[in-house]
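User: I'm new to this structure and would like a close look at one thing: the contacts between side chains. Please keep it relaxed and spell out the terms as you go.
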Amino acid sequence: MKKLVYFLIIPLSYFSAQAQTTAEITKENTLTETQNDDRKIQDYQPDDLPWHGRRFKATAGAFFPVNNTEVEVNGTNGRIGTDIDFERDLGFQNNTVSFFGTFEWRASRRSRFNLEYFYLKRNSTKTLQKEIEFKDHVYPVNAEVAAFMDNQMIRFAYGYAIVSKPKYELGLLIGAHIMLADVGIGLAGNTIQAQYRDNVDFTAPLPDIGIWGEFVLGRKVGLYANVNYFALKIDDIDGRIVSYNLSVLYNVYQNFSLTAGYTGLNIRVDVTRPRIDGFFKWGYNGPTIAATYSFGNHVKFYKH
């Protein structure tokens, strides 16, 4: 019996030792592979990433703003127009869809130039619940009116990086939003006794200053943010503007990336001219999605 027990113990001890050795080797190999993978993920130079620090960057995408619009247009001979809330009084949709495009040129490690374009066209038809005076015409209660608003926004900005490191940059912005607006109201329907229509259009240059930051969060992920503000009166135009943007970039393949963000602008323009006298207040805020293509040489970053 003892011989049988010894016969069983010896091979079991051998297999147990072999299993322990194999487990230790496997664990050691797995740990080594994991550490190598971690080094591979972290071992990159931010200034060599295909989407970061390139000379040129073009972006195009969709914008889903929530709008808030107020307009007042005074008439001649001191006639004061009605303060019109376009969403509440004229039936404009708060939520809209539009497109935007941007182009960036990095002239040097610290200097960059940005050009942006945004376009939004809206219209509505509604039976008025209150009397509206717009320019020299009165639109009575229960009148059916057709209204429209076309807005184009062009922005040019220069950014200077006060801090310029491979993984993050912080700087100042100076630029101008140029708003091209066309707004109009007209009687509609078959029950009216008269036909008339009023519209006003104007161009308002609104300078702004701000701060910006750009950060490399990983091999394929980046973050950009900016905020701008200014208030200025130029001749017969008095304007105030606040704008901001926050976006996250994900590099899909080589020079091609996708971005998702949230942007907004709140603007008020008071105009006093022979052809137009009144104010225009417009705010939009909402998410964006876009595609970005980066190209050109990399700018040179310094770690110190």
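How many salt bridges does a search of the whole structure find?

Analyst: The search turns up twelve salt bridges, where a salt bridge is a side-chain nitrogen of Lys or Arg within 4 Å of a carboxyl oxygen of Asp or Glu. Bear in mind that this is a predicted model, where local features need pLDDT of at least 70, side-chain atom pairs count only at pLDDT 80 or more, and totals for chains, interfaces and linings use all residues. Residues are numbered from 1 along each chain as its sequence is written, and side-chain values use heavy atoms, with hydrogens and water left out.

Let's start with D270, which forms a salt bridge with R240, their closest N and O atoms being 3.4 Å apart. This pair links distant parts of the chain, with D270 in strand 13 and R240 in strand 12, 30 residues apart. (Strands are DSSP runs of E, at least two residues long, numbered from the N terminus.) R240 counts as partly exposed because its relative accessible area is 31%; the scale runs from buried (under 20%) through partly exposed to exposed (over 50%), using a 1.4 Å probe and protein chains only.

Elsewhere, salt bridges with shared partners join E104, R106, R112, E169 and E214 into one network.

Now for the backbone around D270. Strand 12 (residues 237–253) and strand 13 (residues 256–272) run antiparallel and are joined by 16 bridges; two strands pair if DSSP finds at least two bridges between them. Across these strands, G239 faces V269. The two strands make a hairpin with two residues between them, and Q254 in the turn has a positive phi of about 50 degrees. Strand 13 also runs antiparallel to strand 14 (residues 277–298), this time with 17 bridges. There, D270 stands opposite F279. The ring of F279 has another visitor: the charged end of R268 sits over this ring, 4.1 Å from its centre. To count as sitting over a ring, NZ of Lys or CZ of Arg must be within 6 Å of the ring centre and within 35 degrees of the ring normal. R112, one of the network residues, has its charged end over the ring of W212, 4.1 Å from the centre.

Two more salt bridges are worth a look. R88 bridges to D85, with 3.3 Å between the closest N and O atoms. R88 is exposed because its relative accessibility is 54%, whereas D85 is buried at 11%. E116 and R155 also form a salt bridge, with the closest N and O atoms 3.5 Å apart. This one links distant parts of the chain, from E116 in strand 5 to R155 in strand 8, 39 residues apart. E116 is partly exposed at 27%, while R155, at 5%, is buried.

Next, the rings. A pair of aromatic rings is described by how far apart the centres are and by the angle of the planes. Rings of Phe, Tyr and Trp (its six-membered ring) pair if their centres lie within 6.5 Å, and the planes are stacked under 30 degrees, edge-to-face over 60 and tilted for the rest. By this rule there are 17 aromatic pairs. Among them is F99 with Y119, a tilted pair at 6.5 Å centre to centre and 50 degrees between the planes. Because F99 is in strand 4 (residues 98–106) and Y119 in strand 5 (residues 111–127), the pair ties together parts 20 residues apart in sequence. Both rings are partly exposed, F99 at 45% and Y119 at 24%.

F113 and Y158 have ring centres 5.1 Å apart and planes at 45 degrees, so this pair is tilted too. Distant parts of the chain meet here: F113 belongs to strand 5 and Y158 to strand 8 (residues 144–164), 45 residues apart. Partly exposed is the label for F113, at 27%, and for Y158, at 25%.

Finally, F103 in strand 4 plays two parts. One is in an aromatic cluster with F56, Y293 and F295. The other is in a nonpolar surface patch with W105, L115, I154, F156 and I178, together about 530 Å² of accessible area. Patches take residues with over 30% relative accessible area and no salt bridge, joining like charges within 9 Å and nonpolar side chains (Val, Leu, Ile, Met, Phe, Trp, Tyr) within 5 Å, and areas come from the Shrake-Rupley method with a 1.4 Å probe, only the protein chains shown counting as cover for residues. F103 itself is partly exposed at 34%. Strand 4 and strand 8 each supply at least two residues of the patch.

Conventions: Helices (H or I, at least four residues) and strands (E, at least two) are DSSP runs, numbered from the N terminus.
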